[in-house]
Amino acid sequence: MNNNINVLNPRTGQVDFSFERPSLGFITDECKRLKESQEAWSEAPLAQRISVMLKWAEQINIHRDKIINAESTDTGRWKIASESPDAVIWSIKGWCDKAGEIIDEASVAGNSSIMPHIKLSQKLAAYPLLGVISPWNFPFLLSCIDAIPALIAGSAAIIKPSEVTPRFIESLNETIIKVPELEKILSYVMGDGITGSQIIDNVDIVCFTGSVSTGRKVAEQCAKNFIPVFLELGGKDPVIVTKDADINVATDAVLRGAVFATGQICYSIERIYVHESIHDEFVELIIKKSKDIKLNDKDIHKGHIGPMIFNKQSTIIDSQIEDALHKGAILKTGGKSEKINGGIYYRPTVITEVDHSMNIMNDETFGPIMPIMKFSSDEEAVTLANDTDYGLSGAVIAGTEPDAMKIGSKINAGGISLMDTTLTGAILRDAEKNSFNFSGLGGSRMGPASIMRFFRKKAFMTNTKNPQRMEDIREL
Ligand code: NAD
C-alpha cells in the first residue's frame, strides 16, 4: 500500500505538501502511551488539569503565526484562519472557567428515596482515551472543540484531523511539546480514513465530525467495538423569511449565512423559503448584494470569500446546479465553478424556481449557493423546511421575534436562529442542542452536556443498618 498522502494547495491546485500515513503499530503504541498516563491525569485535581490547559493556551498564543500560516495555506483564506488560535484559546479558557461548576452540579449525595437507610454518593470516571476524527472546513477549531472539554474532564485524546488540511498539525505539535504534562495525554496525528479507522479500534470513546456517509461507517465500527460515539454531521439548513420580515435585514442575514466561508460550514444556509408576497423584491435585493461579494483570488488578505478547500466538492456543486437547471430552475447570478490560477472558486449564486425534486434542495451543497423557493403560508414553509433527511439547524426571519419563535419551534433541527441566521456558535458553553435525522447522533457538543459526555458514572451505596439476612427473606 502506498502510504504517501499528497495535499493540494486550494489556491494553486498544486500538490505542495505530503506526509506518510502512520503505521498501525504507531497508532496502537501511541494509544497505549496515552492510556498509560491518563490515570494520573484523571486523578489529579481539576485545578491542576486546568493549569496545564492554560499553559497550552499560552503556547498556542506564542505559536499563533505559524498555526495561522499553515491553516491559511490549507484553506486558501486568511481572515478565518487568523481567528482560529483565538477561538481555540477562548474555548480552553471558557471550559476552564465553567468545568468546576458543571462537574459539581452533577454530584449526587444523600439517601435512597426507595430505601432511606442506604446512603448514596456518585463519582465521575472519565473515559480513558477519546479518539477525535475531524473535517477540513475549520481544521484547527473542529479538531479540538470536543477534545478540550474531554481533557479537562480527565480523558486523554488522540486527534486525527482531515488529510485535506493537515499542515497546522506540525506547528500545533510544537505547542504540545512545550507542555510536558499535556504531551503525555494529547496526541495529534496526520492520517486519512485508514488512520481514522485504526484509531477507533484503539480508543474508548469517539467524537466524529464529518459527512453522513463516513459518520455511518464510524458509528458501525464503534457499535462493533461497543464504545460510545458522538456524531456531528452534515446539514441542509433552511431559512424561512415571512411576509412581514424586513427585506433589507433578511437579505443581509441570508447572504452572510449562505456564503460566509464560501458556504463551507455545516450550518450554512442551503435552502431559502421566502413568502410569495416579498419573493421578487427579496430576490432582486439579494442578487444586488451578492454582486458586491469579492473573491480573494488576487490577494488572500482582500475579498470576502476564498476558493473551495476540497476541490472535489465543486463536482458535487456543479452537478447540483446542472440538475436544478435541467429541471426548470433559473440561474439569476453566479453559477458554474471558475478555475482561477489553479484554485476553484464560486461567486455567490442565486437560483430561483427550485423545488424539492431537485438535488440542490435535498443534498448537502457546501458552497455559496442560494436556492430560493416561494411559499404561501407559514404552515407550508414549515412543511418544506422539515422535508429533509437533515436536521442540524435552521433560521426564521419574521416581522417580530415572537412570530419567528412560533415558526422556529416547529422546525425539526437542533439550533434555530431567530431574526438572523447561523448563530449556533454563540451557544458553545451555554445551551445544549441535538441533531435531528441524519445530522448527528449522541449528546450535545454544546453547553454543560458537552463535558459530561466524557464521564461514566459510578454510584456508591452504604447500608447504614445491619445487612439484611438471607433467612429473613421469605419467598412469597
Ligand atoms: P468526511 O466524512 O469525508 O471526513 C471526515 C473525517 O473522517 C476525515 O478526517 C477523514 O479522514 C475521516 N474518515 C474518512 N473515512 C473514515 C473511516 N472509514 N473511518 C474513520 N475516519 C474516516 O467529511 P469532510 O469532507 O472532511 O467534511 C465535510 C463534512 O463535515 C460535511 O458534511 C459537513 O457538513 C460536515 N461537518 C459537520 C459539522 C458539525 O458540527 N455538524 C462541522 C463541520 C463539518
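How many Å separate an oxygen atom of the ligand from an N or O atom in the side chain of S211? The separation is 2.6 Å. The views below come from a predicted model.

**View 1. Polar side chains at the ligand.** S211 places a side-chain N or O atom 2.6 Å from a ligand oxygen. K160 also takes part: an N or O atom of its side chain is 2.9 Å from an oxygen atom of the ligand. For R445, a polar side-chain atom lies 3.2 Å from a ligand oxygen. On its own, the ligand has 860 Å² of accessible area, and the protein covers 88% of it.

**View 2. The residues around the ligand.** The ligand has 28 residues around it. Those that come nearest are S134, E163, S211, L233 and E364. Sorted by class, the shell holds eleven nonpolar residues, eleven polar residues and six charged residues.

**View 3. The pocket and its elements.** The ligand takes up the space of the largest pocket. Three elements give two or more residues to the shell: helix 9 (193–200), strand 8 (205–209) and helix 10 (212–225). Helix 9 supplies the largest share, with three residues.

**View 4. The ligand and the two domains.** Domain 1 spans 4–233 + 435–461, and domain 2 spans 237–427. Where does the ligand lie relative to domain 1 and domain 2? Both domains give residues to the shell around the ligand, so the ligand lies between them.

Key. Residues numbered from 1 in each chain as written. Predicted model: local features only at pLDDT ≥ 70, side-chain atom pairs only at ≥ 80, totals over all residues. Heavy atoms only, no water. Near = heavy atom within 4 Å. Polar contact = N/O pair within 3.5 Å; in protein donor to acceptor, adjacent residues only side chain to side chain. Areas by Shrake-Rupley, 256 points an atom, 1.4 Å probe, with all protein chains shown as cover. 1 Å grid on protein atoms, 1.4 Å probe; cavity = no way out; pocket = protein on both sides within 12 Å on 5 of 7 lines; lining within 4 Å. Sits in = over half its atoms within 2 Å of the grid points. Helix = DSSP H or I, 4+ residues; strand = E, 2+ residues; numbered from the N terminus. Nonpolar A, V, L, I, M, F, W, Y, C, P; charged D, E, K, R; others polar. Domains from an automatic or database assignment.
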